[in-house]
2 protein chains.
Amino acid sequence: MSRRPLTIGRLASAAGVNLETVRYYERIKLMPPPARTASGHRAYEEGHIRRLAFIRRARELGFSIEQIRTLLALAEPTRASCAEVQEVAQTHLDEVRAKLADLAKLERILAETVARCSGDPAPTCPVLDILTTQKRA
Amino acid sequence: MSRRPLTIGRLASAAGVNLETVRYYERIKLMPPPARTASGHRAYEEGHIRRLAFIRRARELGFSIEQIRTLLALAEPTRASCAEVQEVAQTHLDEVRAKLADLAKLERILAETVARCSGDPAPTCPVLDILTTQKRA
DNA sequence: CTGCACCCCGTAGCGGCTACGGGTGCAAGA
DNA sequence: TCTTGCACCCGTAGCCGCTACGGGGTGCAG
């Protein structure tokens, strides 16, 4: 099948993940320990690529490591319960929406403040004003 | 003037900051080391409250510690250059907008995916599908 | 004078990596 | 055949911005 052994480096680039991150995932037991060659090098299988790629995509979507653990467990048996997966995803979505709202508020305040800047070397500065004055939010 | 000594605890609650955080700010030299009583307790002045409150508001607006160092330096002389302050704030605003865009994209993907969930204990799950399938973003 | 809140300090932990340093293995070119 | 140079091995420390912990000492009110 495979001409060349699936080393950690090849696994990492196949899944689009940093090599050190793969070793980190093994340490925290998110990736299972692979077989070893006689000289101690890690020897992976195809399945590891799929698992690592799953993890990477979940991270890109902002799921936490612990959430990914749950998702991986739920994905494992073929008869996974969509409802449980949905719950994890919904929880994460709620968190994302909360952060989004916070960040949008921030953006508005910053944008308004910066927009008031004259650019002059003036003694009064809207940015410093907002930081110096009692908050009103 | 002040009836009671301005201890770290009173400073912290006056500025709305955790007490441990104040000691942390002192360690990283964001707050200057205050005078000490004979028994070694920290004795602050009014100015410390203003500085700490400035820091807290800047943190609430998402400025990094290093950015705050810069802002504090620029705020110090009365003849601060608004242009330099504006630059720091604009940089931060750009970062906030980038994160906002990322998060909004995330929200959309998650929301669409979760919306497709039937809630049934079905074998196929849109959330797992998106994690298992090659990404398309 | 006792009890308790407050303060002192140093250190370790959080999440999710990333980097470093010092050593071995392995494949391919000269 | 030798050697070059990359890939791999491992443990540990660092990043950010705190927060928590543990084992003490201090100050004030009842």
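1. Salt bridges overall. In this predicted model, salt bridges number 16 when all chains are taken together. One of them lies inside chain A, where E60(A) pairs with R56(A) and the closest N and O atoms are 3.3 Å apart. Both residues belong to helix 3 of chain A, with a spacing of four residues, or about one turn of the helix. Side chains of opposite charge can pair when their charged atoms come close.

2. Salt bridges between the protein chains. How many salt bridges join chain A and chain B? The count there is two. In a salt bridge between R97(A) and E107(B), the N to O distance is 2.6 Å. Polar contact is also found across this interface, in eight residue pairs that both reach pLDDT 80 or more.

3. Extent of the protein interface. Chain A contributes 51 residues to the contact, and chain B contributes 51 residues. The size of an interface is often given as the accessible area lost when the parts come together. For chain A and chain B, the area buried between them is about 4200 Å², and carbon and sulfur atoms carry 74% of it.

4. Which elements of chain A build its side of the interface? Those giving two or more residues to the side that touches chain B are helix 3 (46-60), helix 4 (65-75), helix 5 (82-115) and helix 6 (126-132). Helix 5 of chain A gives the most, with 20 residues. By class, the residues on this side of chain A are 32 nonpolar, eleven polar and eight charged. Helix 3 of chain A, which holds the E60(A) and R56(A) pair, is thus also among the elements listed for the interface.

5. Symmetry of the two protein chains. Two copies of a chain are related by a rotation about an axis and a shift along it. Here chain A is superposed on chain B by a rotation of 180° with 0.0 Å of shift along the axis, and the RMSD is 0.1 Å. That is the relation of a two-fold axis. Which residue of chain A comes closest to the rotation axis? It is L100(A), with its C-alpha at 3.3 Å. Of the interface residues of chain A, 100% are interface residues in chain B as well, so the copies meet through the same surface.

6. Surface near DNA strand C. Around DNA strand C there are 21 residues, of which Y25(A), S39(A), R59(A), T7(B) and R42(B) come nearest. Sugar or phosphate accounts for 73% of the strand C atoms within 4 Å of the protein, and bases make up the rest. One contact to a base comes from E20(A), which has a polar side-chain atom 3.4 Å from a base nitrogen of strand C. Two contacts to phosphate can be set beside it. I65(A) places a backbone N or O atom 3.4 Å from a phosphate oxygen of strand C, and R42(B) places a polar side-chain atom 2.7 Å from a phosphate oxygen of that strand.

7. Elements at strand C. Two or more residues each come from helix 2 (19-27) of chain A, and from helix 1 (8-15) and helix 2 (19-27) of chain B. The most come from helix 2 of chain A, with five residues. The surface near strand C has five nonpolar, nine polar and seven charged residues.

8. Surface near DNA strand D. The residues around DNA strand D number 21, and T7(A), R42(A), Y25(B), S39(B) and R59(B) come nearest. Of the strand D atoms that come within 4 Å of the protein, 72% belong to sugar and phosphate. Contacts to phosphate oxygens of strand D include a polar backbone atom of G9(A) at 3.0 Å and a polar side-chain atom of R42(A) at 2.7 Å. Another is made by S39(B), with an N or O atom of its side chain 2.5 Å from a phosphate oxygen.

9. Elements at strand D. Which elements each supply at least two residues of the surface near DNA strand D? They are helix 1 (8-15) and helix 2 of chain A, together with helix 2 of chain B. Helix 2 of chain B gives the most, with five residues. The residues near strand D divide into five nonpolar, nine polar and seven charged.

Terms used
Residues are numbered from 1 along each chain as its sequence is written. Chains are lettered from A and ligands numbered from 1 in the order in which they are written. This is a predicted model: local features need pLDDT of at least 70, side-chain atom pairs count only at pLDDT 80 or more; totals for chains, interfaces and linings use all residues. Side-chain values use heavy atoms; hydrogens and water are left out. Contact means heavy atoms within 4.5 Å. Buried area is the accessible area (1.4 Å probe) that two parts lose on being put together, summed over both. A salt bridge is a side-chain nitrogen of Lys or Arg within 4 Å of a carboxyl oxygen of Asp or Glu. A polar contact is a pair of N or O atoms within 3.5 Å; within protein, one must be able to donate a hydrogen and the other to accept it, and residues adjacent in sequence count only if both atoms are side-chain atoms. Ala, Val, Leu, Ile, Met, Phe, Trp, Tyr, Cys and Pro count as nonpolar, Asp, Glu, Lys and Arg as charged, and the others, Gly among them, as polar. A residue is near a molecule or strand if one of its heavy atoms lies within 4 Å of it. Copies are superposed by least squares on the C-alpha atoms of residues with pLDDT of at least 70 in both.
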